[in-house]
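Reader: I have just opened this one and would like a patient walk through it, please. Could you take me from the overall fold down to single residues?

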Amino acid sequence: MVEYHPDDIVVIRASEDWPEHLFRITEVFDDCVGGYSLNGPLEGEYGEPDFDLILRVYEGD
């Protein structure tokens, strides 16, 4: 299992309610991470996505 850390930027997979987007982690919990969406329609919104919504750690372009 991948370890996530505060300030990691991850890619959140798309669902029916949102497109794939970048997310900055501010907290790591037992079953999810907390933080803020960095782009897309949820930009600036706080969320707590489950680990299974994370596709990968974002490495930049």
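Author: What follows goes from the overall fold to the sheet, the core and one residue with an uncommon backbone angle, and please keep in mind that this is a predicted model.

Reader: Okay, so how many helices and strands does the protein have?

Author: There are five strands and zero helices in the protein, so that reading along the sequence gives the pattern β-β-β-β-β.

Reader: And in which order do the strands of the sheet sit?

Author: The five strands form an open sheet with the order 4-3-2-1-5, and the pairing in it is antiparallel. Strand 4 (46-47) and strand 5 (54-57) are the edge strands, each of them pairing on one side only.

Reader: What holds paired strands together, in general?

Author: Strands of a sheet pair through backbone hydrogen bonds, in either a parallel or an antiparallel sense. Here, strand 1 and strand 2 pair in the antiparallel sense over four bridges, and Val11 has Leu22 in strand 2 as its bridge partner.

Reader: Switching topic: which residues make up the largest nonpolar core?

Author: That core has nine residues, namely Tyr4, Val10, Ile12, Phe23, Ile25, Val33, Phe51, Leu53 and Ile54. The elements that give two or more residues to this core are strand 1 (9-12) and strand 2 (21-28).

Reader: Take Leu53, then; what does it touch?

Author: Leaving aside residues up to four places away in sequence, Leu53 touches Val11, Ile12, Arg13 and Trp18, and of these Ile12 is also listed in the core.

Reader: How much of the protein is buried overall?

Author: Buried residues account for 33% of the 61 residues, while the protein exposes about 4,200 Å², with carbon and sulfur atoms supplying 46% of that area.

Reader: Why would one call its radius of gyration what a compact globule would have?

Author: Because a compact globule with 61 residues would have a radius of gyration near 10 Å, and the protein has 10 Å, the two agree. Along the principal axes, the C-alpha atoms fill a box of roughly 25 × 25 × 20 Å.

Reader: You promised an uncommon angle; what is phi of Asp7?

Author: Phi of Asp7 is near 80 degrees, which is a positive value in a residue other than glycine. Most residues other than glycine have a negative phi.

Reader: Where is Asp7 found, and is Asp7 buried or exposed?

Author: Asp7 lies in the segment before strand 1 (9-12), and because its relative accessibility is 56%, above the 50% cut-off, Asp7 counts as exposed.

Terms used: Residues are numbered from 1 along each chain as its sequence is written. This is a predicted model: local features need pLDDT of at least 70, side-chain atom pairs count only at pLDDT 80 or more; totals for chains, interfaces and linings use all residues. Side-chain values use heavy atoms; hydrogens and water are left out. Buried means under 20% relative accessible area, exposed over 50%, partly exposed in between (1.4 Å probe, protein chains only). The radius of gyration is taken over C-alpha atoms; the globule rule is 2.2 Å times the number of residues to the power 0.38. Accessible areas come from the Shrake-Rupley method with a 1.4 Å probe; for residues, only the protein chains shown count as cover. A nonpolar core is a set of buried Ala, Val, Leu, Ile, Met, Phe, Trp, Tyr and Cys residues joined through side-chain atoms within 4.5 Å. Contact means heavy atoms within 4.5 Å. Two strands pair if DSSP finds at least two bridges between them.
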